[in-house]
Amino acid sequence: MNLKYLGIFTAALLTVSGGANAAALFDVYAGATVGIGGTTLFANDHDVSKSAQSYGAVLGFDIPVFRFELEYDYMHADTISMHVGMINAYAKMPLPAVKPYIGVGIGNIFSGDDDGFMDIDSVAAYQAMLGVTFDIPVLPIDVDVEGRVLYAADIYDYNGLKPDFLQYEARLKLRYVF
């Protein structure tokens, strides 16, 4: 009789702890992001700052010390809207429940406009992130809280005016780990 209960307890423990995935070298995940902050356009000694928000999706893989992901973001700041694709790399502290991290990304602003009258050129973009990951016990969900800064140079050319774009925001990312 005791062997039967031991078997049920072991099966339940493996189900809750994710024992089937314990030997995996890395975890694959997909997630969604939402951010709020501001943008600044720098052009010829004239800076314009606006409030901004972003929405996005990520797909990546997580190994014990590093994380890599593909990211899509839609950003909107009062009159400016744009679509951004990024490749990100993160270094993290491998702690049990809370993992601080630092990250960098490189990508492209591939579509957008400024107030509907000026198309934003396809231009390289760079970003840096600093945050913390919270592992939700028993569920395959990770929550990232991060600060992010994104920079792109010369996003459009309007009669010789070539503004640089800077976005800074606080962001929440929910990731489902497969």
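**Note on the salt bridges, strands and surface of a predicted model**

1. D62, R67, K92, D142, D144 and R175 are linked in a network of salt bridges. The model in which this network appears is a predicted one. Across the whole structure, a search finds 14 salt bridges. As general background, side chains of opposite charge can pair when their charged atoms come close.

2. Within the network, the side chains of D142 and R175 meet in a salt bridge, with 3.4 Å from N to O. This pair links distant parts of the chain: D142 lies in strand 8 and R175 in strand 9 (residues 164-177), 33 residues apart. D142 is buried, because its relative accessible area is 9%, under the limit of 20%. R175 is buried as well, with a relative accessible area of 1%.

3. A further salt bridge joins R148 to E71, and the closest N and O atoms of the pair are 3.2 Å apart. Here too distant parts of the chain are linked, since R148 belongs to strand 8 (residues 141-152) and E71 to strand 3 (residues 66-77), with their positions 77 residues apart. Are R148 and E71 buried or exposed? R148 has a relative accessible area of 2% and is therefore buried. E71 has a value of 5% and is likewise buried.

4. K99 and D135 form a salt bridge through their side chains, at 2.2 Å from N to O. K99 is in strand 5 (residues 98-114) and D135 in strand 7 (residues 123-135), so that the pair, 36 residues apart, links distant parts of the chain. K99 is buried, with a relative accessible area of 13%. D135, at 22% relative accessibility, counts as partly exposed, because buried requires a value under 20%.

5. The contacts of G85 also deserve attention. G85 is found in strand 4 (residues 80-92), and its relative accessibility of 22% makes it partly exposed. Which residues does G85 contact, leaving aside its neighbours within four places in sequence? They are E71, G107, N108 and F110. E71 is thus a contact of G85 and also the salt-bridge partner of R148. In addition, the C-alpha atoms of G85 and I109 are separated by 6.5 Å, although these residues are 24 apart along the chain.

6. On the surface, D119, D121, D154 and D157 gather in a patch of negative charge. One of these residues, D119, is found in strand 6 (residues 118-119). D119 is exposed, because its relative accessible area is 58%, over the limit of 50%.

7. For the protein as a whole, the secondary structure consists of one helix and nine strands. Read along the sequence, these elements follow the pattern α-β-β-β-β-β-β-β-β-β. Among contacts between residues at least 6 apart in sequence, 57% join residues at least 24 apart.

8. The protein has 178 residues, of which 37% count as buried. Its accessible surface comes to about 9900 Å², and 70% of that surface belongs to carbon and sulfur atoms.

Note on methods: Residues are numbered from 1 along each chain as its sequence is written. This is a predicted model: local features need pLDDT of at least 70, side-chain atom pairs count only at pLDDT 80 or more; totals for chains, interfaces and linings use all residues. Side-chain values use heavy atoms; hydrogens and water are left out. Patches are made of residues with over 30% relative accessible area and no salt bridge: like charges are joined within 9 Å, nonpolar side chains (Val, Leu, Ile, Met, Phe, Trp, Tyr) within 5 Å. Accessible areas come from the Shrake-Rupley method with a 1.4 Å probe; for residues, only the protein chains shown count as cover. A salt bridge is a side-chain nitrogen of Lys or Arg within 4 Å of a carboxyl oxygen of Asp or Glu. Lys and Arg count as positive and Asp and Glu as negative; His and the chain ends are not counted. The place of a charge is taken as NZ of Lys, CZ of Arg, CG of Asp or CD of Glu. Helices (H or I, at least four residues) and strands (E, at least two) are DSSP runs, numbered from the N terminus. Buried means under 20% relative accessible area, exposed over 50%, partly exposed in between (1.4 Å probe, protein chains only). Contact means heavy atoms within 4.5 Å.
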